[in-house]
Amino acid sequence: MQKKRKVLVTGALGQLGSEIRRLADGNGDFLYTDYLGSGDILALDICDAEAVAACIAEYNVGTIVNCAAYTNVEKAEDEPELCRRINCEGVAVLADAALRNKASLIQISTDFVFDGSKNIPYLETDTPSPLSVYGRTKAEAETAFIASGVKGVIIRTAWLYSPYGKNFVKTMLNLGATRSSINVVNDQTGSPTYAADLAEVILKFLPIAGRKKGEIYNYSNEGACSWYDFAAEIMRQAGLPCQVIPVSSSEYPQKAVRPSYSYLDKTKIAAELKIGVPQWQDSLQKCLDRLI
Ligand SMILES: NC(=O)c1ccc[n+]([C@@H]2O[C@H](COP(=O)([O-])OP(=O)(O)OC[C@H]3O[C@@H](n4cnc5c(N)ncnc54)[C@H](OP(=O)(O)O)[C@@H]3O)[C@@H](O)[C@H]2O)c1
């Protein structure tokens, strides 16, 4: 009998990787790695071609779910080379290893590949035009993935949060507990994504990823909002008496330019996977139930 092939989850200590680990808990078909190992998570640098090839061969990996990335959008402006190495070269290494071993690759991309000049929901077919180093490296990774000819899918997501790691929800809870008011930008519209929802979607792709070749899908929670709306809803649901004051991006200067509009249309993924996409307020509640 042929041995079942493993699912390799890279970046398993990050937000999304941790949610996949939680969902697949106890499933021996999964293998977890991150840059630094910890417990049952093996150390694997996705940029190390030899180590990646050895890992895929040794564990008979059939699907790679790449949750590893350089995700600090602000810091990336000062470290473009490192960001590019992890987000582009790392993906090229994984794609090459997957091709050689007839494995498929599930790559996670971002709404920051867009410039926000559209004011209706972004489709998978819209042309990337990134504004930041991070966005450029993620767009380049998409191109490298597709050019490699590897089987699998690219899932573009946005504004990821979870009980793990650093994210907007956890920052707002901390600020809300210590400040009477905070300023939050009100002129960037998108949609938050509860990492647990995205993890469920990724598991649904596992049986079909090998039949796709670089196909792009959008996934975030349903409903558009601004960071201000998001912050106000976090304070409301958490019962924190912190006043959220809407400000414009020009009043909150950042190094990395963000798209003013990056709401993703989910029609394609909902139809293909036959799933409903949860409203962002409902998913926020689920995350806060775990955090508070
Ligand atoms: N976070 C968001 O708002 C957001 C939005 C849209 C799309 N995405 C995409 O969604 C995916 C998951 O994001 P996330 O928020 O879960 O990321 P995350 O929490 O930052 O986790 C990424 C993980 O990858 C690890 N890593 C970095 N370089 C590596 C390397 N060379 N080899 C192996 N592992 C490495 C990181 O380790 P260290 O912590 O030690 O560096 C970290 O554990 C990423 O592709 C990201 O670009 C995220």
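This report walks through a predicted model of one protein chain with a ligand bound to it.

## The chain as a whole

Let's start with the big picture. The chain is built from 10 helices and 13 strands. Its C-alpha trace spans about 60 × 40 × 40 Å along the principal axes. How does the radius of gyration fit with a compact globule? For 292 residues, a compact globule would come out near 19 Å, and the chain has 19 Å, so the two agree.

Inside and outside are worth a look too. Of the 292 residues, 51% are buried. The surface that the chain exposes adds up to about 13200 Å², and carbon and sulfur atoms supply 51% of that surface. Contacts also reach a long way along the sequence: taking those between residues at least 6 apart, 80% join residues at least 24 apart.

## Around the ligand

Now for the ligand. It is surrounded by 24 residues, and the closest are Leu16, Asp34, Thr71, Tyr134 and Lys138. Sorted by class, this shell holds 14 nonpolar, seven polar and three charged residues. Helix 1 (15-23), strand 5 (104-110) and helix 5 (133-148) each bring at least two residues to the shell. Which of the elements gives the most? That is strand 5, with three residues.

Some polar atoms of the protein pair up with oxygen atoms of the ligand. In the side chain of Thr71, an N or O atom is 2.6 Å from a ligand oxygen. The backbone joins in as well: a backbone N or O atom of Leu160 lies 3.0 Å from an oxygen of the ligand, and a polar backbone atom of Gly14 is 3.5 Å from a ligand oxygen. As for cover, the ligand taken alone exposes 900 Å², and the protein buries 79% of that.

## Gln15 and Glu142, two residues in helices

Two of the helices that contribute to the ligand shell, helix 1 and helix 5, also hold residues worth visiting. Gln15 sits in helix 1. Is Gln15 buried or exposed? Its relative accessible area is 16%, so Gln15 is buried. The side chain of Gln15 makes a polar contact of 2.9 Å with the side chain of Ser162. Beyond the residues up to four places away in sequence, Gln15 touches Leu160, Tyr161, Ser162, Tyr164, Lys166, Asn167 and Ala195. Leu160 is a familiar name here, as its backbone also has an atom 3.0 Å from a ligand oxygen.

Glu142 belongs to helix 5. With a relative accessible area of 4%, Glu142 is buried. Setting aside residues up to four places away in sequence, Glu142 touches Ser109, Val113, Pro128, Ile154, Arg156 and Ile216.

## Two loops with a positive phi

Most residues other than glycine have a negative phi. Here are two that go the other way. Asn60 has a positive phi of about 50° although it is not a glycine. You'll find Asn60 in the loop between helix 2 (49-58) and strand 4 (61-66). Its relative accessibility is 26%, so Asn60 counts as partly exposed.

Trp159 is the other case, with a positive phi of about 45°. Its loop runs between strand 6 (151-157) and strand 7 (160-161). At 9% relative accessibility, Trp159 counts as buried.

## Pro192 and Val247

Pro192 is in the loop between strand 9 (189-190) and strand 10 (193-194). How much relative accessible area does Pro192 have? The value is 0%, so Pro192 is buried. Leaving out residues up to four places away in sequence, Pro192 touches Ala158, Trp159, Tyr161, Ser220, Asn221, Cys225, Phe230 and Trp280. That list includes Trp159, the residue with the positive phi of about 45°. Pro192 and Ile86, 106 residues apart in sequence, are 24 Å apart from C-alpha to C-alpha.

Val247 finishes the tour, in strand 13 (residues 243-247). With 9% relative accessibility, Val247 counts as buried. Which residues does Val247 contact, leaving aside neighbours within four places in sequence? They are Asn183, Val184, Val185, Asn186 and Asp187. The C-alpha atoms of Val247 and Ser180 are separated by 16 Å, with their positions 67 residues apart along the chain.

Terms used
Residues are numbered from 1 along each chain as its sequence is written. This is a predicted model: local features need pLDDT of at least 70, side-chain atom pairs count only at pLDDT 80 or more; totals for chains, interfaces and linings use all residues. Side-chain values use heavy atoms; hydrogens and water are left out. A residue is near a molecule or strand if one of its heavy atoms lies within 4 Å of it. A polar contact is a pair of N or O atoms within 3.5 Å; within protein, one must be able to donate a hydrogen and the other to accept it, and residues adjacent in sequence count only if both atoms are side-chain atoms. Accessible areas come from the Shrake-Rupley method with a 1.4 Å probe; for residues, only the protein chains shown count as cover. Helices (H or I, at least four residues) and strands (E, at least two) are DSSP runs, numbered from the N terminus. Ala, Val, Leu, Ile, Met, Phe, Trp, Tyr, Cys and Pro count as nonpolar, Asp, Glu, Lys and Arg as charged, and the others, Gly among them, as polar. The radius of gyration is taken over C-alpha atoms; the globule rule is 2.2 Å times the number of residues to the power 0.38. Buried means under 20% relative accessible area, exposed over 50%, partly exposed in between (1.4 Å probe, protein chains only). Contact means heavy atoms within 4.5 Å.
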